[in-house]
Amino acid sequence: MVETLVLTKNLFFRPLAGLILIVLFFTHRYRPPVVAQTENQRPSLPRKSIDCTRRGSVFAPSIDPSSGKVPVRHRKAKLALGCLCLAMYFTAETGYFPYVSTCWQYMEVRLTASEAAMVMSVLSATYAAGPLITAVVSMRLQVEHILAYHYGFLFLGVGVLYFGRLNRPMIYAGSALLGYGMSAMIAGLTAFSNRHLTLSNRVASLFSFTSGTVSMAIPVLIGQFLETAPIMLLYLAAGFIALSLVLFVLMRLWLACSTSTGSSSNNSQVTVEKC
């Protein structure tokens, strides 16, 4: 009965929320306020740069003309990588949380309901405390470095949970590591894509829609194994996190290969494409 209610929530109510957002996108679309500018306040931008933005396109970058940034080449492909990277990780996180308590009660260790609730509490506590730590760390490290060590915590947490799944203290420790690893990933991946590709409102909506759509895979896959093979939850979470990491590395290497830093005429830094 509990499994049926959980599956109903994930297969019906979650897509329903996405459909409502799609309807609102077309019926009550958000439009940013227009700020009037005088002739002296308008930044000068070459005609060629304006044409490259393709204002009517869904993928048109919302670049501040006064920032001096050149539109990124192959932006659609890089946005697709970023979108899939976020969707893979989002699926792992949103798929793990609803089922972790139930799965630990069916695993070999056979946790009681109160013990499984305690595991969930440890996971949620470190997940909630993580952004506070990341807020301090972000003053020293760039978003790429923050994502790198959070991926490390994710794989460390999954490893501790897998190899220590018969030991209660190891389950608590692994859940704490996993919760902290998850705490900054969605915000970090979004900030990473926005920093290098400048997400517009429409592209951000596409990111959200894709993530919600792909995340429906976990309920479908785990539902048939929830009682017979609950370890599949760890396998699926590790698999989607690994896919996200691969896409993140590919995107980061592509960006590093295709961009370099130069100096503009007014001694400000601009992004110049090499390939």
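**Stop 1: Leucine 21 and its surroundings**

Select leucine 21, which counts as exposed at 55% relative accessibility. In this predicted model, leucine 21 belongs to helix 1, formed by residues 2-27. Now add Leu16, Ile20 and Leu24 to the selection: together with Leu21 they make a nonpolar surface patch of about 350 Å².

**Stop 2: Helix 3**

Next, select residues 75-96, which form helix 3. How many of the 22 residues of helix 3 are buried? The number is 17, and the helix is accordingly described as mostly covered. A distance drawn from the first C-alpha of helix 3 to its last comes to 32 Å, close to the 32 Å expected at 1.5 Å a residue.

**Stop 3: Phenylalanine 207**

Keep helix 3 displayed and select phenylalanine 207, whose place is in helix 9, residues 201-214. Is phenylalanine 207 buried or exposed? Phenylalanine 207 is buried, because its relative accessible area is 3%, and a residue counts as buried under 20%. To see what surrounds this side chain, show Leu79, Gly82, Cys83, Leu86, Ser193 and Leu199; phenylalanine 207 is in contact with each of these, leaving aside neighbours within four places in sequence. Threonine 190 may be added as a further reference point: its C-alpha lies 8.8 Å from that of phenylalanine 207, and 17 residues separate the two in sequence.

**Stop 4: Two loops with a positive phi**

Move to threonine 198, in the loop between helix 8 (185-197) and helix 9. Its phi is near 55°, a positive value in a residue other than glycine. Threonine 198 counts as buried, because its relative accessibility is 16% and the limit for buried is under 20%.

For a second example, select arginine 110. This residue lies in the loop between helix 4 (100-106) and helix 5 (113-137). Arginine 110 is not a glycine, yet it has a positive phi of about 50°.

**Stop 5: A salt bridge between helix 5 and helix 7**

A search of the whole structure finds 4 salt bridges. For one of them, select arginine 168 and glutamate 115, whose side chains meet at 3.1 Å, N to O. The pair links distant parts of the chain: arginine 168 is in helix 7 (residues 168-182) and glutamate 115 is in helix 5, 53 residues apart. Arginine 168 counts as partly exposed, at 32% relative accessibility.

**Stop 6: Glutamate 144 and its partners**

Now select glutamate 144, placed in helix 6, which covers residues 143-163. Glutamate 144 is buried, with a relative accessible area of 8%. Which residues does glutamate 144 touch, not counting those up to four places away in sequence? They are Phe192, Arg195, His196, Phe248 and Arg252.

Take the partners of glutamate 144 in turn.

- Show histidine 196: a polar contact of 2.7 Å joins its side chain to that of glutamate 144.
- Show arginine 195: this residue forms a salt bridge with glutamate 144, and the closest N and O atoms are 2.9 Å apart. Distant parts of the chain are linked here, glutamate 144 in helix 6 and arginine 195 in helix 8, with their positions 51 residues apart in sequence. Arginine 195 counts as partly exposed, at 38% relative accessibility.
- Show arginine 252: its side chain meets that of glutamate 144 in a salt bridge of 3.8 Å, N to O. Glutamate 144 lies in helix 6 and arginine 252 in helix 11, so the pair ties together parts that are 108 residues apart in sequence. Arginine 252 is partly exposed, with a relative accessible area of 30%.

With these residues displayed together, a network of salt bridges can be followed through Glu144, Arg195 and Arg252.

**Stop 7: Helix 11**

From arginine 252, extend the selection to the whole of helix 11, residues 232-258. What distance should the 27 residues of helix 11 span at 1.5 Å a residue? The expected span is 39 Å, and the end C-alpha atoms are 39 Å apart, which agrees.

Finally, colour the buried positions of this helix. Among them are Leu233, Leu234, Leu236, Ala237, Phe240 and Ile241. Further along helix 11, the buried residues include Ser244, Leu247, Phe248, Met251, Leu255 and Ser258. One of these, Phe248, has already appeared on the tour as a residue that glutamate 144 touches.

Key: Residues numbered from 1 in each chain as written. Predicted model: local features only at pLDDT ≥ 70, side-chain atom pairs only at ≥ 80, totals over all residues. Heavy atoms only, no water. Helix = DSSP H or I, 4+ residues; strand = E, 2+ residues; numbered from the N terminus. Buried < 20%, exposed > 50% of the residue type's maximum accessible area, 1.4 Å probe, protein only. Contact = heavy atoms within 4.5 Å. Polar contact = N/O pair within 3.5 Å; in protein donor to acceptor, adjacent residues only side chain to side chain. Patch = residues over 30% accessible without salt bridge, like charges linked within 9 Å, V, L, I, M, F, W, Y side chains within 5 Å. Areas by Shrake-Rupley, 256 points an atom, 1.4 Å probe, with all protein chains shown as cover. Expected span 1.5 Å × (residues − 1).
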